[in-house]
Amino acid sequence: MAWDTRKYARWFPFEGVGIDTYYDQETQTLAAVAVDACRGPQVSLDGVPLVGRLPLELEPWIEKIASTLEDPTLPEYVDGLRFGPRGEPYLLSLGLVLRCQQNGNHARCRPVFLAPQWAMRGQEWIEDLIPDREWLTY
């Protein structure tokens, strides 16, 4: 495992299965899992496959699911649909960031699943919690 000394997470790739894991430095616990859009296993949410899909294919699902996520008990910065600085959709109440990963001429969905302790910090913290490797490589 490698520590990103400027960030809060430790990163470990499971290259053979297309998974990157990120660990909370303070608690030493698993805090995020990113699934490679080209080599990772298919992961579905509510019956909808997320990995390797074209972003346009998931747009209707994102809009539909986001409309069901409004929860007055959650902080406003976690509730509903938000967008990160690179335009990726954040569904933090589900612990999900749908990133894109280049695959030839297309960008494919690379979901990042967040543990509640990271998701509930809000989108402004996500880039600080996950090492630069995730944001700059994909």
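This passage describes strand β3, its hairpin with β4, and two loop residues in a predicted model.

Strand β3 spans residues 19-24. Six of its six residues are buried, so the strand is largely enclosed by the rest of the structure. The side chains split between two directions. Ile19, Thr21 and Tyr23 point one way from β3. Asp20, Tyr22 and Asp24 point the other way. Both sets are buried. The buried residues of β3 thus include two aspartates, Asp20 and Asp24, and two tyrosines, Tyr22 and Tyr23.

The pairing partner considered here is strand β4, residues 29-35. The two strands run in the antiparallel sense and are joined over six bridges. Within this pairing, tyrosine 23 of β3 stands opposite leucine 30 in β4. Tyr23 is also among the residues that share a direction with Ile19 and Thr21. Together, β3 and β4 form a hairpin, with four residues between them.

The turn of this hairpin holds a backbone feature of note. Glutamine 28 lies in the loop between β3 and β4. Its phi is positive, at about 60°, although the residue is not a glycine.

A second non-glycine residue with positive phi is aspartate 46, at about 55°. Aspartate 46 sits in the loop between β5 (44-45) and β6 (48-49). Its relative accessible area is 65%. Exposure begins over 50%, so aspartate 46 counts as exposed. By contrast, the aspartates of β3, Asp20 and Asp24, are buried.

Methods: Residues numbered from 1 in each chain as written. Predicted model: local features only at pLDDT ≥ 70, side-chain atom pairs only at ≥ 80, totals over all residues. Heavy atoms only, no water. Buried < 20%, exposed > 50% of the residue type's maximum accessible area, 1.4 Å probe, protein only. Pairing = 2+ DSSP bridges.
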